[in-house]
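Visitor: Please bring up the model, and let us walk through it with questions.

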Amino acid sequence: MIASTASASSVGNHHRDGPRVDPLAALRTPDDPPWDVYLTGTVFLDIVFTGLGSAPVRGTESWARGMGSSPGGVANMATALARLGLRTSLAAAFGDDHYGDYCWDALEQGEGIDLSPSRRVPGWHSPVTVSMAYEGERTMVSHGHEPPPEAVLVQEGAPDCPPRARAAVASLEPGKRAPWIAQAAGKGTCIFADVGWDETGAWDLAGLADLEHCEAFLPNAEEAMRYTGASCPREAAHALTEHVPLAVVTLGAEGAYAVDRRTGEAAEVPAIEVEALDPTGAGDVFVAGFVTGTLAGWPLADRLAFAGLTAALSVQEFGGSLSAPGWSEIGAWWRRVQSVDSQDPAALRRYAFLADMIPEETAPGWPLRRAVPTIGFGRSA
């Protein structure tokens, strides 16, 4: 058992109802880096509408049955990592408006994320995204002012020297290097990389120059095939290992496939079938789950299974950082599937590694419903 208690002030709202799990407890030593994971990027205020019957129609007014607010952008990943028990440090620029206050407080006080590398930027308005979820899909509208130079420096990882950390998650941009990635890798930080859609249409792996510093690359199936020219995602994963030691390709409803060049191991885990409410942030949660399992030293198949599980739990709630599951939700899910007689025994065996890790606590009823944070309400609302 690796559950440990922590004070409410350091754990935040999400963990107040039970013990916090430290998945790296057995590996920690006095000489460890101060942080498990370092991140940098842009924080948005996300406003999410759910329960729409269809996409908004021009010239009409649509009413949503649900709404929530939460920090978004890179905050989705930071929150997902923190809720899984990893000591997380974030470098980001925050506006000095009420939205910036809200996001800073939600991350630092609510989730226990280290914001010492982050900065408040006077006179800069926080970027905002409105997300509308319907039919398992989403439509987003974003707004933001051009960031001043000091905000750009922080968001691109400009702290003179990134803090020591076991791992970092980087979002690669075609044709552009981020100097902090090489600096962090040079100090022994394990870099996990994802990538967005290549708007240039080049899909040239040579353009992802920082991939040479990365331990793992986690594109989706379409991105992997376009970058490699492969005819299927699994072939693409093997091709990517010529450029990075570990390639993980997400396959949507089919799950995920991974290849480890160093060991020659390949693994594939099917997705868990769930009714999706909002897919916002699911990719970030998947990466957070995979990073957690990798740092904990789990087998490749277990890492894929855990990442897929956390992503599946997240899409059953709305919002990005709001929906990221913690160990209470994971424990409740595990107890639930064990109690259902019709469960596939093979599926139960696939997730049996969770048994020694979930908190020994009486789980609340399933499914769990999280609080809906709204700007203007106090933390106890």
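Guide: Two terms first: two strands pair if DSSP finds at least two bridges between them, while helices (H or I, at least four residues) and strands (E, at least two) are DSSP runs numbered from the N terminus. Please bear in mind that this is a predicted model, where local features need pLDDT of at least 70, side-chain atom pairs count only at pLDDT 80 or more, and totals for chains, interfaces and linings use all residues. Residues are numbered from 1 along each chain as its sequence is written, and side-chain values use heavy atoms, with hydrogens and water left out.

Visitor: What is the strand order in the open sheet of four strands?

Guide: This sheet has mixed pairing. β5 (66-73) and β10 (137-143) each have a single partner strand, so they stand at the edges with one side lacking a neighbour in the sheet. Read across, the order is β5-β4-β9-β10.

Visitor: How many degrees does the twist average from one strand to the next?

Guide: Angles here run from 0 to 180 degrees between N-to-C directions, and axes are lines fitted to C-alpha atoms, for helices over the stretch in contact. In the sheet with the order β5-β4-β9-β10, the twist from one strand to the next averages 20°.

Visitor: Do β4 and β9 run parallel or antiparallel, and which residue of β9 stands opposite V48?

Guide: Strands of a sheet pair through backbone hydrogen bonds, either parallel or antiparallel. β4 (residues 43-50) and β9 (residues 128-134) share five bridges in the parallel sense. Opposite V48 in β9 is S131.

Visitor: Which residue in β5 is the bridge partner of I47?

Guide: On the β5 side, β4 pairs in the antiparallel sense over eight bridges. I47 has V130 as its bridge partner in β9. In β5, its bridge partner is S69.

Visitor: How many of the residues of α2 are buried?

Guide: Buried means under 20% relative accessible area, exposed over 50%, and partly exposed in between (1.4 Å probe, protein chains only). Helix α2 (residues 74-83) lies across β4 and β5, running at about 90° to β5. Its buried residues include N76, T79 and R83. α2 is largely enclosed by the rest of the structure, because the buried count is ten of ten.

Visitor: Which residue just after α2 takes a positive phi?

Guide: The helix itself ends at residue 83. Just beyond it, a positive phi of about 100° is taken by G85.

Visitor: What is the volume of the second largest cavity?

Guide: A cavity is a set of points on a 1 Å grid over the protein atoms alone where a 1.4 Å probe fits but cannot get out; grid points are joined across faces, edges and corners, and a volume is the space filled by probe spheres set on the points. Searching the whole structure gives two cavities of 30 Å³ or more. The second largest has a volume of about 40 Å³.

Visitor: Which elements give two or more residues to the lining of the second largest cavity?

Guide: Lining residues have an atom within 4 Å of a point, and here they include V43, F94, Y99 and C103. Ala, Val, Leu, Ile, Met, Phe, Trp, Tyr, Cys and Pro count as nonpolar, Asp, Glu, Lys and Arg as charged, and the others, Gly among them, as polar. On that basis the lining holds six nonpolar, three polar and no charged residues. The elements giving two or more residues are β7 (93-95) and α3 (98-111).

Visitor: Which strands stand at the edges of the open sheet of eight strands?

Guide: This sheet has mixed pairing and the order β6-β3-β11-β12-β13-β14-β15-β16. Two of its strands have a single partner strand each, so one side of each is left without a neighbour: β6 (88-91) and β16 (265-269).

Visitor: Which residue of β12 stands opposite S171?

Guide: β11 (residues 165-172) and β12 (residues 190-195) pair in the parallel sense over six bridges. Within this pairing, A168 stands opposite I191. S171 stands opposite D194.

Visitor: How many residues of β12 are buried?

Guide: In a regular strand the side chains alternate between the two faces of the sheet. Both faces of β12 are covered, with C190, F192 and D194 buried on one side and I191, A193 and V195 on the other. β12 is largely enclosed by the rest of the structure, because its buried residues number six of six.

Visitor: Leaving aside neighbours within four places in sequence, which residues are in contact with A311?

Guide: A311 lies in helix α9 and counts as buried because its relative accessibility is 13%. Its C-alpha atom is 7.0 Å from that of G283, 28 residues away along the chain. Contact means heavy atoms within 4.5 Å, and A311 is in contact with A282, V285 and F286.

Methods
On a 1 Å grid over the protein atoms alone, a cavity is a set of points where a 1.4 Å probe fits but cannot get out, and a pocket is an open set with protein on both sides within 12 Å along at least five of seven lines; lining residues have an atom within 4 Å of a point.
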